[in-house]
Amino acid sequence: MPLTIPPHLLPADGRFGSGPSKVRPGQVDHLVANAHVLGTSHRRPPVKDLVRRIRAGVTELLGAPDGYEVVLGNGGATAFWDVATLCLVERRAQHAAFGEFGGKFATATSRAPFLEPSQVITAEPGSVAHLEPADDVDTYATPHNETSTGAMAPVRRPAGPDGAVVLTDATSGAGALPVDLSETDAYYFAPQKAFAADGGLWLAVLSPAAVERAARIEASGRWVPEFLSLTTAVENSRQDQTLNTPAVATLLLLADQVEWLLAQGGLAWSAKRSAASAEILYSWAEQRDWATPFVARPEERSTVVGTIDLADEIDAGRIITELSANGVQDVFAYRKLGRNQLRVGMYPAVDPDDVAALTACVDYLVETV
Ligand SMILES: *Cc1c(COP(=O)(O)O)cnc(C)c1O
């Protein structure tokens with residue numbers, strides 16, 4: 001028999017997934033209001049206008065410097081790792097890997113037979129590995145926010161060598177963490193985290209250097225499948241299209257979220273809202289002797305994905321099951337991390353009051369179970 005959490009403790013919305021994440025009801029309204037666009041051609045104005053809105057909105061929201069452009073394609077952030085391996089890494093990459101996602105991209109470049117073995121700088125889960133200036137790499141890669149562990153890193157361009165490009169996996173950071181895009185050449189993400197849409201797309205804000213790098217590598221004779229060609233994606237995006245058919249519903253959800261974030265006050269507003277949620281979560285954990293923020297250094301604690309270790313005598317799995325039975329969803333630790341942990345998505349769509357309510361629900365279950 002599941003326990004019944006007293007209704008006055010429950011959050012108004014119980015979706016705390018780290019991705020897919022809470023979709024706001026307003027986005028669903030936007031989808032319904034634009035239902036006439038569903039099932040129409042992605043080569044015609046109704047859908048191309050949608051792509052144009054997204055490209056313009058992301059440019060504004062993230063403060064893209066002059067000359068940077070928003071490019072998109074199908075396949076999610078995972079596809080972009082292959083795009084970048086093929087089209088952006090010239091000879092050798094350096095990766096900062098401090099969790100599952102950073103590690104996966106490092107594996108992708110390390111396995112590419114046309115590249116030299118990648119330099120991989122690692123750190124224990126729950127901490128951050130930093131990029132280091134190196135003469136023998138042409139590409140630097142790091143996550144902005146490591147969704148699997150809840151650690152975040154500042155976006156900073158290492159000093160030299162000249163011409164090196166920086167690739168930032170911003171899948172869970174973009175739209176909710178402050179960033180100066182002049183510090184990176186490809187700030188890429190999928191829309192099912194802070195942008196509260198569905199998965200399946202990748203977007204990248206590219207510097208002129210990244211666009212030029214891809215054009216040069218792709219003209220050099222390296223075999224690049226058309227689906228993974230960054231230059232092809234750039235050419236299509238400039239016409240507000242994707243190479244092949246996108247999910248139009250996802251575009252509608254994404255466009256509405258980008259415009260909602262801008263209307264609320266842009267990135268400064270969303271970063272502040274997520275930070276307010278994070279402050280509630282981490283200070284709650286610090287005040288309980290059975291809960292501890294997993295990330296030791298406060299400045300590395302993610303303000304978008306919070307990870308809280310529970311004492312051994314409390315079974316996080318049981319807490320997660322009881323929460324779920326009461327409509328509070330998806331606060332499980334990343335599966336491969338295997339910790340007795342709660343992980344809480346605190347993207348801008350999530351109301352900080354609901355994070356406070358979640359902590360009250362956990363308190364109730366710890367006392368009652
Ligand atoms: C979710 C996530 C990915 C994978 O995104 P997909 O769209 O599922 O491929 C990659 N990197 C980070 C940091 C993520 O959070």
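Q: Which residues does Val205 touch, not counting residues up to four places away in sequence?
A: In this predicted model, Val205 touches Val58, Leu62, Ala64, Tyr68, Glu69, Val70, Leu181, Asp185, Ala186 and Tyr187. Contact here means heavy atoms within 4.5 Å.

Q: What makes Val205 stand out in the largest nonpolar core?
A: The core holds 36 residues, and Val205 is one of the three that touch the most other members, together with Leu62 and Tyr187. Membership requires a buried residue of a listed nonpolar type, joined through side-chain atoms within 4.5 Å. The elements that give two or more residues to this core are H2, E1, E8, E9 and H7. H7 gives the most, with 9 residues.

Q: How do you know that the span of helix H2 agrees with its number of residues?
A: The expected span is 1.5 Å times one less than the number of residues. For the 17 residues of H2 (residues 45-61) this gives 24 Å, and the end C-alpha atoms are 23 Å apart, so the two values agree.

Q: Why are residues of H2 such as Val47 and Leu50 called buried?
A: Buried means under 20% relative accessible area, and Val47, Leu50, Val51, Ile54, Arg55, Gly57, Val58 and Leu61 are the residues of H2 in that class. What covers them includes strands E1, E8 and E9 and helices H6, H7 and H8.

Q: What makes up the lining of the largest pocket, by class?
A: The lining has 9 nonpolar, 11 polar and 6 charged residues. About 400 Å³ of space lies in this pocket. Of its 26 lining residues, the closest to the centre are Gly19, Phe101, Thr147, Lys193 and Tyr334. Helix H3 gives the most to the lining, with 4 residues.

Terms used:
Residues numbered from 1 in each chain as written. Predicted model: local features only at pLDDT ≥ 70, side-chain atom pairs only at ≥ 80, totals over all residues. Heavy atoms only, no water. Buried < 20%, exposed > 50% of the residue type's maximum accessible area, 1.4 Å probe, protein only. 1 Å grid on protein atoms, 1.4 Å probe; cavity = no way out; pocket = protein on both sides within 12 Å on 5 of 7 lines; lining within 4 Å. Points joined across faces, edges and corners; volume = space filled by probe spheres on them. Nonpolar A, V, L, I, M, F, W, Y, C, P; charged D, E, K, R; others polar.
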